[in-house]
Each structure stands twice: as C-alpha cells, then as structure tokens.
Amino acid sequence: MRVIRVGTRKSQLARIQTDSVVATLKASYPGLQFEIRDKILDTALSKIGEKSLFTKELEHALEKNEVDLVVHSLKDLPTVLPPGFTIGAICKRENPHDAVVFHPKFVGKTLETLPEKSVVGTSSLRRAAQLQRKFPHLEFRSIRGNLNTRLRKLDEQQEFSAIILATAGLQRMGWHNRVGQILHPEECMYAVGQGALGVEVRAKDQDILDLVGVLHDPETLLRCIAERAFLRHLEGGCSVPVAVHTAMKDGQLYLTGGVWSLDGSDSIQETMQATIHVPAQHEDGPEDDPQLVGITARNIPRGPQLAAQNLGISLANLLLSKGAKNILDVARQLNDAH
C-alpha cells in the first residue's frame, strides 16, 4: 500500500487542520495510506515571524523528500513561493472574518461598549490599524503565541479586556462558545486567504498534484487568487496593513481591498468586480506554467482563474494610483524601526 507522508507543525490547530485534509483525502483514496509527520519543533520565536519560520522548516522537509505534502493556513503562505514549490490545493473556506474573544468579566460586551482605554490584544498590524480607526476609545497592544497561549493570557492575566482572533481557527478548535463578536467587513476586513487551507507540494510532483487536486474548492480558489494577486501586485506582506473582502454573487466576483497606515489614520479602500462563473472541476491537460500567485489548479478551467487574477491586479493598480504605495512605504519603515 502506498504511503503518502503529510507534514505539519506541532500545534493543536495545525494538527486539527491537517487531520481534516487527510480525512478528505482518505475518503477519496481508500487504497492509500496517510502518515502524518509533525516532528517540527516549536522553537522560541522572535520578530523573524513565527509563521515564516515554520513555513521554511516544512518546505525544507518537502525539498528533502521527507514529506509529500504540507497543510498550511493559506494566509501564512507568501504570494510568491520559493522555486520548486506550489500550492496544489485550496480547500473550502471557513468563515474568513475576525472574531473578538472577551475576558470573562466583559462577556456580553462588544468592542463598542468596552470601557474607555480598555486594552485589546492582537499581533496583527492589519487588525490594529482598522480597529484603532473604528474604535478610538480602545488601546491595541501586541499579544504573541498560539491560540491556546493567547486565550490563557487573556483569561489569567488582567492585561487584556479582549483579544482578536480568526473565527476559522476558533471554530476548528471547537471553541465556538468563546466567540463574543464577529467583526463585519465595515469594522475589519480580513487577511488575504484567511479561513482557507492551502496544501503545498513539490511543483514537479505530478502524482501528488493530481492526488490533492480533488481538494480544490472552485469558489474559494477564485476568491483567493484575486486576493493573492491584489496583495502581490501591491507588494504587501505581513509587515503592512492590507486587508480584503471577496464575494461571489450571480456570476460576479466582488473584491474590496484596502491599505492603512499603522495607526489607521490614513487609508484607501476600493471595490471592483468582474464577471466570473464558478466552474465545475474538469479534466485538463498539463500546461507549461500553470502557477498563478503560487497556485496550481489544472482541474479548474484556466479562463476564470486568469479573470480572478486580473481583478486583483486591477484593484491593486487603482489603489496605487490613489497613493497606496506611499501609505505602505511609511507603514513598512515604521514597522521595521520597531
């Protein structure tokens, strides 16, 4: 029996996400065996960025042929992958919005009704910039660690009145009861790819690419191609506040994107749409360079993928024409200076 080796990191959420992908693959391929390898250690992490370190370690395992595929939160994967790697599948997206988890003494409140000068924890510049602008009576402070660590800091220390986390992560962990408020796009738009899982594979490993292709969710794929193309063309990344919101409706893909200064005082937001019909999966011949923004989806028609990418590029160009580059450059300089 052929064994497919799946790489993940040693965190509860990463393991839950990987297990869900493996369960879907097992159902599609009952004749294959799947082995999950999570030997990658949680190291003490600094400003280098915890996510990029884990991504590099897992890519190293892929490169050395120790694993065949790796499951990531799509928002942790850069829009340009190192040579030799590709995202071979994007799974159906969970709720992409951000959630507020309150300290036990503030349960029942909202960000709006928290007392003046309450401290809200978030490690995301994107969330802090948008929420500072929307809720000037609150103070936003960095909070580090995985989901378990952050919730423990919230509950056991008196520093934070609330913390902001991705709804999808809380739901996957089974912590629905901790969600005190889900933030709407008018309050806080989400990160590119948030709520979706990406499966990274070796770009030339046709067998594995064919195998994971069944995981592609066409609507999520097209939304995430548009979002990633927007971010890539803006040259944004984790170190600057960039956020998006996408929706498919009646054959139209709507993409809203925004950039903010670090304190949220300066921002540009715009919405564009394109006619894109969500295709059914189909068998397609190999193409010379099938990757779009790091993603390979040969079983989804090429036309809608290109239209989604063009929508992202067009929106980025619109924002750049209105001064987005200056806002992002200043944000990047200020963040690097910290």
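**View 1. Two domains make up the chain in this predicted model.** Domain 1 is assembled from two stretches, 4–95 and 192–337, while domain 2 covers 98–182. If you take the centres over C-alpha atoms, domain 1 and domain 2 lie 25 Å apart. Where the domains touch, domain 1 brings 26 residues to the contact and domain 2 brings 21.

**View 2. Here is the area buried between domain 1 and domain 2.** About 1900 Å² is buried between the two domains, and carbon and sulfur atoms give 51% of that area. On the domain 1 side, look for L13, N95 and Q194: together they supply 25% of the area that domain 1 buries against domain 2. No other three residues of domain 1 supply more.

**View 3. A salt bridge joins the side chains of R172 and E94.** The nitrogen-to-oxygen distance in this pair is 3.9 Å, which sits just inside the 4 Å cut-off for a salt bridge. The count of salt bridges between domain 1 and domain 2 is one. Polar contacts also cross the interface, with eight residue pairs found, both partners at pLDDT 80 or more.

**View 4. This close-up turns to the side of domain 1 that touches domain 2.** Two elements each give two or more residues to this side: helix α1 (12–28) and strand β11 (242–249). Of the elements, α1 gives the most, with four residues. Sorted by character, the residues on this side are eleven nonpolar, eleven polar and four charged.

Key. Residues numbered from 1 in each chain as written. Predicted model: local features only at pLDDT ≥ 70, side-chain atom pairs only at ≥ 80, totals over all residues. Heavy atoms only, no water. Domains from an automatic or database assignment. Contact = heavy atoms within 4.5 Å. Buried area = accessible area lost by both parts, 1.4 Å probe. Polar contact = N/O pair within 3.5 Å; in protein donor to acceptor, adjacent residues only side chain to side chain. Nonpolar A, V, L, I, M, F, W, Y, C, P; charged D, E, K, R; others polar.
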